[in-house]
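Colleague: Can we go through this model together? I will ask, and you reason each answer through to a name or a value.

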Amino acid sequence: MENSEQFQQLKIYTRDVRSDGASLLHNGSVDVALIDSPGLNRDSLKTTQLFARQEEIDVVVFVVNAENHFTLSGQDFLVSAGNEKAHIFIVVNRFDAIRRKDRCERMILDQIRELSPLTYAERSDLVHFVSAHEQLAAERSGTQGAESFSRMEKSLRSFALEQRFKSKLAPAQRYAMNVLGDVQYLAAENVAAATKRIQEINALLRESMPRYETLLHERTDTTRQAEAALDDGCAEVRRHTAAHLTNTTRHLQDVAEKVAYPGLLSLWTYAESVLLAMVRHLEHEVSECDRFACFTIQHARADLARLEDHRRSLDDGESKDAASSWSCGDDDASTSCSLTASQLAPIGSISNALDTVQLELSDFVDFDIAHNWAALTSVSTAVTLLASKSMASNALTLLRLSSTMGPHTARRLMVASAALIGLGSVFYVLSDMDATVRRKLSARLELMLDEEGFVHHHAERLTTEASRAVRPFVWHLQHTFQRMVEAEEHRRADHLRRRHVAQDSQIYFDELRIKAHSLANLVRAVGNADAANGPF
């Protein structure tokens, strides 16, 4: 052909004198456009255009040289065309040039079986081994051509016209089957992935269940121990303070005995010193109770620190930074856990009554008849015992004196005896003034403190201070444990949510796979029904 570069398309018109039943192009029912493409790899641009237009082609007639078999480009074309069209009409030309025709035919069919299985299944109708050179020579000489060429023409006409379900419907069926096959594959993969995910999540839930149950148990047990440490500490502070201060107020007189008595002339100063000693002793004992409360608080904090260390051993590390703000077991935290009495809430004076107490005259006079009577009784008992030793001789002496004395002398003797007894009593009272002051002041202070509720006030105060100092640690321990439990619950809730999503995905894709399988059976049944109905 001349001027091949000037023209892009060549149209050839032929006169087909055959009947409609024998001609392919002039068949009387369907217009057929025959496109003769150039050989593969002769022109890369045209080869690309051919690959791109295969979706628009109804019937692919692939002509292959028997001497070359299927080249790599030919194999790629058959595979690409096989994705769209299940059946391809293959013509193996120049078969006359092959000496071992059976071997060549077997090799080409083996290649077709690998490249297009459906074409190989109907190879008797779709694969033909011919020689165009022999057919052309026969037509020129006017003799009858080879039977293989005539059978190829009939098969092509039947495939293109009579069996249009293969040429027209088969590509669509093939495409639908490919899509449905891909859907089934993807759905099956998603079902498998969802099933695997569900199994993994169930394994995680089973693995985390012992830890979750342990956390719940430990939270309950630790909370109980922490509350017990707080309650026991407060109860111990209350008990010790009440017992200690009660014993102190009952034995104030013992403290006063340590104050030296300067004599009767310094009795008032002595009384002031006794009162001051009693007040200072009370302040000292209150301070001792404060120190005991601090010791009890530190002991309770140490117990809580051990519980905190145990909690940390259960922690998985996610909340350690937020939950490790204190620890009484570490050296770095010793300053924060040590507590002195001065760090307790200031109380000012230990008692309002002691701030206003003053000496009174009644503190120097003992109107306690029972106490004085007991003293006099002891003296009279001693006198009686002394007198009883010489009772008989004294009685005889008094009888002899009374016989020689007159009444006037006897009266004077009785007055002198009474005066002597009175002077003795006054002397006894004056000599017992220091004991009277100690006794009266201790009794008055004890009464004042009882009326004021001194012991109860300090017991409640130190109990409150102990609770205030320990309660934040208990709350912190409870809060961190609660955060650990909540974090574990959130993880379990997230696992359950993911499992629910995976279950929904499993159900959805399983239903999709079943539906795609049903649709594939319907599409396959359509092709079988068209094949059973016969020619178009």
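**Salt bridges, helix H3 and a few single residues**

Colleague: Before the details, what kind of model is this?

Modeller: Local features here need pLDDT of at least 70. Side-chain atom pairs count only at pLDDT 80 or more. That is because the model is predicted.

Colleague: How many salt bridges does a search of the whole structure find?

Modeller: Side chains of opposite charge can pair when their charged atoms come close. The cut-off used is a side-chain nitrogen of Lys or Arg within 4 Å of a carboxyl oxygen of Asp or Glu. Searching the whole structure gives a count of 18.

Colleague: Start with helix H3. How far apart are Asp-110 and Arg-113 in helix H3 (residues 101-115)?

Modeller: Their side chains meet in a salt bridge, 3.0 Å from N to O. An α-helix has 3.6 residues a turn, so residues three or four places apart point the same way. Asp-110 and Arg-113 are three residues apart in H3, so the separation is about one helical turn.

Colleague: Are Asp-110 and Arg-113 buried, partly exposed or exposed?

Modeller: Buried means under 20% relative accessible area, and exposed means over 50%. Asp-110 has 29%. Arg-113 has 40%. Each value falls between the cut-offs, so Asp-110 and Arg-113 are both partly exposed.

Colleague: Which helices hold Glu-460 and Arg-238?

Modeller: The side chains of Glu-460 and Arg-238 meet in a salt bridge, at 2.2 Å from N to O. The pair ties together parts that are 222 residues apart in sequence, because Glu-460 lies in helix H18 (residues 454-533) and Arg-238 in helix H8 (residues 164-250).

Colleague: What is the relative accessibility of Glu-460, and what is that of Arg-238?

Modeller: Both residues count as partly exposed. For Glu-460 the value is 29%. For Arg-238 it is 34%.

Colleague: Take the salt bridge between Glu-308 and Arg-312. Which helix holds both residues?

Modeller: The N to O distance in this pair is 3.5 Å. Glu-308 and Arg-312 are four residues apart, about one turn of the helix. Both lie in residues 267-314, helix H10.

Colleague: Is Glu-308 buried or exposed?

Modeller: Its partner Arg-312 is partly exposed, at 21% relative accessible area. Glu-308 has 0% relative accessibility. The cut-off for burial is under 20%, so Glu-308 counts as buried.

Colleague: Which residues do salt bridges that share partners join into one network?

Modeller: Here the salt bridges share partners. The network they form joins Arg-211, Glu-488 and Arg-491.

Colleague: Back to H3. What span is expected at 1.5 Å a residue?

Modeller: H3 has 15 residues. From its first C-alpha to its last it reaches 21 Å. That is close to the expected span, 21 Å.

Colleague: What arc do the buried residues of H3 cover around the axis?

Modeller: The buried residues in H3 are Cys-104, Ile-108, Leu-109, Ile-112 and Leu-115. They lie on the same side of H3, because their arc around the axis is only 125°.

Colleague: Which residues are exposed on the other side of H3?

Modeller: The buried side includes Cys-104, at 5% relative accessible area. On the other side of H3, the exposed residues are Asp-102 and Glu-114.

Colleague: How many disulfides does a search of the whole structure find?

Modeller: A disulfide is a covalent bond between the sulfur atoms of two cysteines. Cys-104 is buried, and Cys-294 counts as buried at 3% relative accessibility. The number of disulfides found in the whole structure is zero.

Colleague: Which residue makes a nonpolar surface patch with Val-32 and Leu-34?

Modeller: The patch has an area of about 270 Å². The third residue lies in the segment before helix H1 (44-52). It is partly exposed, with a relative accessible area of 37%. The residue is Leu-25.

Colleague: What is the phi of Arg-94 near?

Modeller: Most residues other than glycine have a negative phi. Arg-94 sits in the loop between strand S2 (89-93) and H3, and counts as partly exposed at 41% relative accessibility. Its phi is positive, near 60°.

Colleague: What distance separates the C-alpha atoms of Val-274 and Ala-256?

Modeller: Val-274 is in helix H10 and is buried, with a relative accessible area of 0%. Ala-256 is 18 residues from Val-274 along the chain. Their C-alpha atoms are separated by 5.3 Å.

Key
Residues are numbered from 1 along each chain as its sequence is written. Side-chain values use heavy atoms; hydrogens and water are left out. Patches are made of residues with over 30% relative accessible area and no salt bridge: like charges are joined within 9 Å, nonpolar side chains (Val, Leu, Ile, Met, Phe, Trp, Tyr) within 5 Å. Accessible areas come from the Shrake-Rupley method with a 1.4 Å probe; for residues, only the protein chains shown count as cover. Helices (H or I, at least four residues) and strands (E, at least two) are DSSP runs, numbered from the N terminus. Buried means under 20% relative accessible area, exposed over 50%, partly exposed in between (1.4 Å probe, protein chains only). The expected span of a helix is 1.5 Å times one less than its number of residues. The arc is that of the directions from the helix axis to the C-beta atoms. A disulfide is a pair of cysteine sulfur atoms within 2.5 Å.
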